[in-house]
Amino acid sequence: MDLSSYAEWAVRLVNDGEPPAELGQVFTLAAQGRERDAIDLLNALLVRYPVRPQLSGHDGQSWHLHLAEETVPCAVMGLAALVADLGVNRLGRCADTSCGRAFLDTSSNHSRRYCSARCASRANVAAYRARRRIGQ
């Protein structure tokens with residue numbers, strides 16, 4: 001069962017939806033390097049929002065598992081699966097101080113610092129301009 005889409009759902013909830021405040025806090029704790037606190041909070045969310053897996057066999061496919069369509073429990077389960085597979089340090093907050101959106105770092109070298117190419121570009125341009133001002 002691939003839960004990566006559910007982890008991405010958690011990011012969308014944190015950035016654009018109405019998640020429980022604790023869900024966003026997991027990303028903040030992870031970005032601060034507070035791994036144990038992030039894990040403890042994620043475990044508490046798993047208890048608070050249990051998932052309901054169901055067997056499904058639609059579209060002529062063999063039987064497979066789906067999670068019940070409840071946004072928060074599925075998102076929490078997706079985050080837990082991603083953390084179990086890749087580690088809590090793959091959850092982050094955008095390094096652009098004017099942004100702070102949550103993101104999942106699925107890069108092979110664990111190098112993601114920004115939520116999007118737009119934020120990365122904006123931060124790089126601002127840093128370049130700041131260096132130019134200092135050099136003049």
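Lys and Arg are counted here as positive and Asp and Glu as negative, while His and the chain ends are not counted. Each charge is placed at NZ of Lys, CZ of Arg, CG of Asp or CD of Glu. On that basis the chain has 16 positive and 14 negative charges, and their mean positions are 14 Å apart.

The model is predicted: local features need pLDDT of at least 70, side-chain atom pairs count only at pLDDT 80 or more, and totals for chains, interfaces and linings use all residues. Residues are numbered from 1 along each chain as its sequence is written, and side-chain values use heavy atoms, with hydrogens and water left out.

## Overall layout

The chain contains 5 helices and 4 strands. Helices (H or I, at least four residues) and strands (E, at least two) are DSSP runs, numbered from the N terminus. Their order along the sequence is α-α-α-β-β-α-β-β-α. The C-alpha trace spans about 65 × 35 × 30 Å along its principal axes.

Of the 136 residues in the chain, 38% are buried. Buried means under 20% relative accessible area, exposed means over 50%, and partly exposed lies in between (1.4 Å probe, protein chains only). The exposed surface of the chain amounts to about 8400 Å², of which carbon and sulfur atoms supply 50%. Accessible areas come from the Shrake-Rupley method with a 1.4 Å probe, and for residues only the protein chains shown count as cover.

A contact is a pair of heavy atoms within 4.5 Å. Among contacts between residues at least 6 apart in sequence, 44% join residues at least 24 apart.

## Three helices

The expected span of a helix is 1.5 Å times one less than its number of residues. The table sets this value beside the distance between the end C-alpha atoms.

| Helix | Number of residues | End-to-end C-alpha distance | Expected span |
|---|---|---|---|
| Helix 3 (residues 35–48) | 14 residues | 20 Å | 20 Å |
| Helix 4 | 16 residues | 22 Å | 22 Å |
| Helix 5 (residues 117–135) | 19 residues | 27 Å | 27 Å |

In helix 3 the buried residues are Ala38, Ile39, Leu41, Leu42 and Leu45. Viewed down the axis of helix 3, its buried residues fall within an arc of 165°, so they line one face of the helix. The arc is that of the directions from the helix axis to the C-beta atoms. An α-helix has 3.6 residues a turn, so residues three or four places apart point the same way. Turned away from the buried side of helix 3 is a face with the exposed residues Arg36 and Val47. The cover over the buried residues of helix 3 includes helix 2 (21–31) and helix 4 (71–86).

Val47, in helix 3, has a relative accessibility of 68% and therefore counts as exposed. Its C-alpha atom is 17 Å from that of Leu82, and the two residues are 35 residues apart along the chain.

In helix 4, the buried residues are Val72, Pro73, Cys74, Ala75, Val76, Gly78, Leu79, Ala80, Ala81, Leu82 and Val83. Their cover includes helix 1 (4–16), helix 2, helix 3, strand 2 (64–67), strand 3 (91–93) and strand 4 (102–104). Just after helix 4, Gly87 has a positive phi of about 105°.

Helix 5 has Cys119, Ala120 and Ala123 as buried residues. These residues cover an arc of only 100° around the axis, which puts them on the same side of helix 5. Ala117, Arg118, Arg129, Arg133 and Gly135 are exposed on the other side of helix 5. Val125 also lies in helix 5 and is partly exposed, with a relative accessible area of 34%. Between Val125 and Gln25 the C-alpha to C-alpha distance is 29 Å, and the two are 100 residues apart in sequence.

## Individual sites outside the helices

Ser56 belongs to strand 1 (residues 53–56). With a relative accessible area of 16%, Ser56 is buried. Leaving aside residues up to four places away in sequence, Ser56 touches Ser62, Trp63, His64 and His66.

His110 is located in the loop between strand 4 and helix 5. Although not a glycine, His110 has a positive phi of about 55°. Most residues other than glycine have a negative phi, and most peptide bonds are trans. The relative accessibility of His110 is 33%, so it counts as partly exposed.
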